[in-house]
Amino acid sequence: MTALLGERSAAGSAAQQRESAVRARVAELEALLGDPSDPANPAGYTALLEADRAAVPFAAGEALLDEFGITDEYIPRALGGRLDAMDTLVRIMRPVFRRDVGLAMGHGMTTFMAASDVWTAGSSRQRHWLAGLLREGGKAAIAQHETAHSNDYVRSQVTARRGPDGYLISGGKPMVNNLERAGALVLFCRTDPGPDSSGRSRSHSVLLLEPEQLTDVRAAVTARRIPVGLRGCRFAGVEFDDCPVPRSALLGPEGSGIETALRSFQISRTVIAATAVAALDTSLRTAVRFDREQSGGWQGRGTDGSRTGAALTNAFVNLLLYDSLAVVATRALHLLPAETSVYSAALKYLLPRVLTETMYDLSIVLGSGFYTREGTLGIFQKHVRDVPVLSLGHAGTVACQATVIPQMPRLARGSWFIEDEAPSGLFRLRGDLPPLRTDRLSLACGRDSLSATLLAVAAGIDGNGPVERALRTLAGQLVEEFRDVRGRVLRLEAAGSGAGAQPATFALMDRYALLLAGAAVLGLWDQGRYGPDPFLADPSWAAAALHRIAQRLGARVADLPPECETRIRHEVQLRFSTQTSYDLYSTPIPG
């Protein structure tokens, strides 16, 4: 017993040390970026909006990230970097996303996406080479998008056929971020010319290229394209004409490209979708500031039920329910890697459904100020343009549906209402994590322990207060919704997979994603009761989040108790006044 207590104490001490180190790094980055609303701040909103209008990278912001050493955050510790846990990376990148989504994607996350493929499938030589490049300030680009085929990366327009000393590449990629300034390019291409039906799973490979070594005659960069969102990012295309590359450029075995991509997607789509919540944080903060300046806040309006007040509280609740799944999906990479394919896809699927829609809902607070493209208000409009771009591409909505829908019959048969609940560590915000094992990431494992947490916590909610009773009722409703989803999936499978059943499977996947978010909310609230944050221990936020999920599911729900809504409204104003982030981590922020 004494030995066991000693082990727990040591584990708790290690977790505290890790948390202190993470908070210190986040605070250092926040201090370096400074108050975004200060017009004199070279990394503030005024300067970054000027760069956005000019459609150029935000140079001052990039210089500060270089000073911080942000690229070390993308490199595993074993290769000389600081990357030890994906939840840490998310927390460190949120201040950057909160400031400017374009800066985060253009300077950092595109490099991380490319590096993820190398850390997952590369040889020791390739991993050390890329780590050295990044530590010297270099960038990496990744070419997977297939804009001619609705971003279906499997229908690749780039081919690589065997040549005398390696491969000869032909074809083009029209939209590659950071291509012009990348020292490494991860290229997804077809190496098997056979039809997809005969060998699709082994038809593609991944190459790790050094753009500077490609011959200008055989590889040409096409004109830069400026999108509506992420205007500062450097999107350009590349065309290959029998461009020779050495066989050593092959990333993983030949024919392993699809498997490599699907595994690395689980990491990159989770991290990017989890950091994107910071943009909604800024949008909510901007709306609260505008409301206070215009009318003295809700107290000045004289009615707690105002449309503006509802928009602000609803946005906060939506942020919390989305962040709940973001936290769980990120920690699942370490704790439940075999199950992560479903959780990462569900999170990325909800990005446009929750984050983008909520940002538009907040526009009613700003009124005509929504169209402002300068000053503090201008960042709101910029985020509205930038965030939707994150939900596009090879890990977009359709790709997420294609990941989850085929797994649902197997989950309904062998996991839902059968599986044991997820480990408690999945819901401990600041708990320690084991090292990430990319070899344990599974394309489909037939297990879903997160949904089992929905059942377990729902069955154990006690208390006789009005909020506790509301939470217990809402949790029970979600359990019945989940039971209905399972029954419908099984009936569709029994009826066969004809074309007529397809629309129903999309609707069921939508409901399933929301139910996973509900399970994450309950798990985090259940563990939060024993944590240091009184707000997360309060059932009010969980009841409000489940209420929103039930409404999205189309369920009939009673109004929340008045004290629940009062608690949420108070927290929105408190976090604004104390300059604390609106996400689950409640991080101190400048400005």
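Okay, let's start at one small spot: at the beginning of helix α16, a side-chain oxygen of Asp448 comes to within 3.2 Å of the backbone nitrogen of Leu450. Keep that spot on your screens for a moment, and remember that what we have here is a predicted model.

So what about the rest of that helix? α16 runs over residues 449-459, and it's mostly covered, with eight of its eleven residues buried. If you want to click through them, the buried ones are Ser449, Leu450, Ser451, Ala452, Thr453, Leu454, Val457 and Ala458. Notice that Leu450, whose backbone nitrogen we just met, is in that list. And what do these buried residues pack against? Four other helices: α11 (307-335), α12 (340-366), α17 (466-495) and α18 (502-528).

Before going on, a word about confidence. The protein has a mean pLDDT of 90, and 91% of its residues get to 70 or more. There are stretches to treat with care, though. Over residues 147-154 the pLDDT falls below 50, and in the model this stretch has 24 contacts beyond near neighbours in sequence. Residues 300-305 also have a pLDDT below 50, and there the model shows seven contacts beyond near neighbours.

Next stop, Glu73. You'll find Glu73 in the loop between α3 (59-68) and α4 (86-99). Buried or exposed, then? Glu73 has a relative accessible area of 1%, so it counts as buried. Its side chain has a partner, too: a polar contact of 2.5 Å links Glu73 to the side chain of Arg25. Leaving out residues up to four places away in sequence, Glu73 touches Arg25, Phe68, Arg82, Leu83, Leu89 and Ile92.

While we're at this end of the chain, have a look at Ser20. Ser20 sits in helix α1, residues 2-33. Its relative accessibility is 48%, so Ser20 goes down as partly exposed. From Ser20 to Leu336 you'd walk 316 residues along the sequence, and their C-alpha atoms are 25 Å apart in space.

Now a strand. Ile169 is in β3, which covers residues 166-177. Ile169 counts as buried because its relative accessibility is 0%. What is around it? Not counting neighbours within four places in sequence, Ile169 is in contact with Val158, Thr159, Ala160, Leu187, Leu207, Leu209, Phe240, Asp241, Asp242, Cys243 and Val245. For a sense of distance, Thr191 is 22 residues away along the chain, and the C-alpha atoms of Ile169 and Thr191 are separated by 9.4 Å.

One of those contacts, Asp242, deserves its own minute. Asp242 belongs to strand β7, residues 235-246. Its phi is positive, about 50°, even though Asp242 isn't a glycine. With 27% relative accessibility, Asp242 is partly exposed.

Ser586 is another one to look at for its phi: the value is positive, near 50°, and again the residue is something other than glycine. Ser586 lies in the segment after α21 (562-577). Which side of the line does Ser586 fall on, buried or partly exposed? Buried means under 20%, and Ser586 comes in at 19%, so it counts as buried.

Last topic: empty space inside. Rolling a probe the size of a water molecule over the atoms shows where space is left. How many cavities of 30 Å³ or more turn up in the whole structure? The search finds three.

The largest has a volume of about 140 Å³. It is lined by 14 residues, and nearest its centre are Pro36, Tyr45, Arg98, Ile589 and Pro590. Two helices, α4 and α9 (277-295), each give at least two residues to that lining, and α9 makes the largest share, with four. By class, the lining of this largest cavity splits into five nonpolar, four polar and five charged residues.

The second largest cavity holds about 110 Å³ of space. Its lining has 16 residues, with Pro57, Phe58, Gly102, Leu103 and Gly232 lying nearest the centre. Here the elements giving two or more residues are α2 (45-54) and α5 (101-121), and α5 has the largest share, four residues. Sorted by class, the lining of the second largest cavity is seven nonpolar, four polar and five charged.

That's the tour. Questions are welcome!

Definitions and conventions: Residues numbered from 1 in each chain as written. Predicted model: local features only at pLDDT ≥ 70, side-chain atom pairs only at ≥ 80, totals over all residues. Heavy atoms only, no water. pLDDT = per-residue confidence, 0-100. Contact = heavy atoms within 4.5 Å. Buried < 20%, exposed > 50% of the residue type's maximum accessible area, 1.4 Å probe, protein only. Polar contact = N/O pair within 3.5 Å; in protein donor to acceptor, adjacent residues only side chain to side chain. 1 Å grid on protein atoms, 1.4 Å probe; cavity = no way out; pocket = protein on both sides within 12 Å on 5 of 7 lines; lining within 4 Å. Points joined across faces, edges and corners; volume = space filled by probe spheres on them. Nonpolar A, V, L, I, M, F, W, Y, C, P; charged D, E, K, R; others polar.
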